[in-house]
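Please look over the sequence and the model below before reading on. The paragraphs that follow take up a few helices, strands and loops in turn.

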Amino acid sequence: LFIEGVVESYHDYDSLEYSGIILITITMTLAGMDAALVAGFIAALSTYAVQSITYQHPIKGAMCAATLRSSAWNRSGEAQKILLDKKKGRERILVIQCQGHIFFGNSTILKESVLELLVEKRRSGDDPIVVILDFTHVLAIDSSSAMTIEKLKDSIIKSFGVEVVIFVCGHEDGFRCHYDLSLKVNGGAANKREGSSKRLLDPIDIGEEDPIMFETCKEPIHPNTSRAQARASVTARALDVSNSHSGYKNAVMADIPNSHVCETLDDALIFAEDVLVAVQDAMILQNDVDDRFRSNILEGSGMAVKCSKTQQSSLEEISRAFLTSLCTGADANEIDKIYRLLEPEMYYYNDIVWAQGEESKSLKLIVDGSLLSLLEDEDGARESCYPGSIVGELGLLNGTRRLTTLKVVSDKAVLYSLSQEQWELLACEDPKVARFIDVIAIRYLSHRIQHVSNHNLFGKRSLPV
């Protein structure tokens, strides 16, 4: 009993809780069980009083994610349509932000408050599909509270039919507690839903060659891929639906884990968005992921600077498809006019496309490969850039110098560049077509304003008016 209660529990409790265990142990040894019960009551009451005086309400606030945007900038039109839908999209994501110290005295308040929020959502007919519990602003969690949070996950899923509960730990090392909460609440093969009404694919329908998976990527896209890129691709790169089961392509994915742990709220929102898309149509998510994390089509080609005719044709097809997706409402002739103004450029691993502070002379469409945007004077400030994205549009349109350094992090990268001279010519000769570039810049700016990293979710902020 001593080994279990005192020795093995040493790393499971904070100093205040553990001191209560020591007090109970000493009292039990010297004065017997009855005195130990009294000592336990006094220790628990004292701990509760100290923590209640010191700590604030565990929930800072709650909101739906309708006005929040993740770092998945360039989703397909079909995926965007789902995410903007009031019945199927981001409004079905509930974000609950926690704060302060979570201890045994207020963990019950946390659990009851979360369940009350879900009851209110059910009464209003706005049942969430995904619940995000954000612990970024939590300073510490004691072990007993961690166990309560683990039980809260089960209550949310079983009582309210939530498809996925996502936990944001806010730190690389997981939750700030001795209890291994990250392992306990993280989904996986052992945490698949049971009896879910959304499970439209039975195991008998899925062959060994038709894996339908939805899990965190454990390996980066490429050995040179940065950690930021690996985080941004936090979801469905493993998703694969075989052509042999075309009748099930529009079915909801069978293996979405019912819980997941993310390091940041941005990661959690990407995961939640992918869940919403997958619930409506798994193939839309597959296509969306293919575009965002396209493998390098020039990989292993052994080429120098020039591409083969087949590769050039493939690049042209891809770039035209990206332009069509970016330039909403443009017809084939307008897309062709923009495409003919672009010049293909080849870059290799670690090449610097431009350096921070340089004069802005072009914008670039990323057709193949992966890039990383770095803020030189802020350690760790970076953003991954994937195929289908346009970079450098602000500098070209506004005349500002490059605000970040842009470097290549894949073996090869193909960019299609619109020079300042060609842009000015287009603006003079065909303002209607040039307007599409303006709209892309406005849309990107709007997305950044609404990006979750720019939001103090429940405090003062700049609102997108």
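Which residues are exposed on the other side of α4? The model that will answer this is a predicted one, and the helix in question covers residues 77–84. Within helix α4, Ala79, Ile82 and Leu83 are buried, and when the helix is viewed down its axis these buried residues fall within an arc of 95°, so they line one face of the helix. On the other side of α4, it is Lys81 and Leu84 that are exposed. An α-helix has 3.6 residues a turn, so residues three or four places apart point the same way.

A second helix can be read in a similar manner. Helix α15 is made of 19 residues, 431–449, and spans 26 Å from its first C-alpha to its last, which is close to the 27 Å expected at 1.5 Å a residue. Its buried residues are Val433, Ala434, Phe436, Ile437, Ile440, Ala441, Tyr444 and His447. Viewed down the axis of α15, they fall within an arc of 145°, so they too line one face of the helix. Pro431, Lys432 and Leu445, on the other side of α15, are exposed.

From the helices we turn to strand β4, residues 164–168, where the pattern of burial can be followed on both faces. Five of the five residues of β4 are buried, and the strand is thus described as mostly covered. Val164, Ile166 and Val168 are buried on one side, while Val165 and Phe167 are buried on the other, and both faces of the strand are therefore covered. Strand β4 runs parallel to β3, to which it is joined by five bridges, and Val168 in β4 has Asp134 standing opposite.

Two loops can be visited from these strands. The loop between β4 and α7, the latter covering residues 181–185, holds Phe175. This residue is buried because its relative accessible area is 8%, where under 20% counts as buried. Apart from neighbours within four places in sequence, Phe175 is in contact with Phe135, Ile141, Phe167, Val168, Cys169, Leu181, Ser182, Val185 and Val261. The C-alpha atom of Phe175 is separated by 9.4 Å from that of Leu139, although the two residues are 36 residues apart along the chain.

The other loop lies between α5, residues 104–123, and β3, residues 130–141, and it contains Pro128. With a relative accessible area of 7%, Pro128 is buried as well. When residues up to four places away in sequence are not counted, Pro128 touches Arg92, Leu94, Leu118, Lys121 and Val162. One of these contacts, Leu94, is 34 residues apart from Pro128 along the chain, and the C-alpha atoms of the two are separated by 6.0 Å.

Further along the chain there is an open sheet of four strands, in the order β6-β13-β8-β11, with antiparallel pairing. Its edge strands, each of which pairs on one side only, are β6 (343–348) and β11 (390–391). Strand β8, residues 362–368, and strand β13, residues 412–419, pair in the antiparallel sense over six bridges, and the bridge partner of Leu363 is Leu418 in β13. Helix α14, residues 420–429, packs on this sheet, where it touches β8 and β13, and its direction makes about 45° with that of β13.

Another open sheet of four strands follows the order β7-β12-β9-β10, with antiparallel pairing. Here the edge strands are β7 (352–354) and β10 (382–385), each pairing on one side only, and neighbouring strands of the sheet are turned by 25° against each other on average, with direction ignored. Strands β7 and β12 pair in the antiparallel sense over two bridges, with Lys407 in β12 as the bridge partner of Ile352.

Thr405 offers a closer view of strand β12, which covers residues 405–408. At 4% relative accessibility, Thr405 counts as buried. A polar atom of its side chain lies 2.9 Å from the backbone nitrogen of Gln356. Leaving aside neighbours within four places in sequence, Thr405 is in contact with Ile352, Trp354, Ala355, Gln356, Leu372, Ser373, Leu374 and Glu376.

Key: Residues are numbered from 1 along each chain as its sequence is written. This is a predicted model: local features need pLDDT of at least 70, side-chain atom pairs count only at pLDDT 80 or more; totals for chains, interfaces and linings use all residues. Side-chain values use heavy atoms; hydrogens and water are left out. Buried means under 20% relative accessible area, exposed over 50%, partly exposed in between (1.4 Å probe, protein chains only). Contact means heavy atoms within 4.5 Å. Two strands pair if DSSP finds at least two bridges between them. Axes are lines fitted to C-alpha atoms, for helices over the stretch in contact, and angles run from 0 to 180 degrees between N-to-C directions. The arc is that of the directions from the helix axis to the C-beta atoms. The expected span of a helix is 1.5 Å times one less than its number of residues. A polar contact is a pair of N or O atoms within 3.5 Å; within protein, one must be able to donate a hydrogen and the other to accept it, and residues adjacent in sequence count only if both atoms are side-chain atoms.
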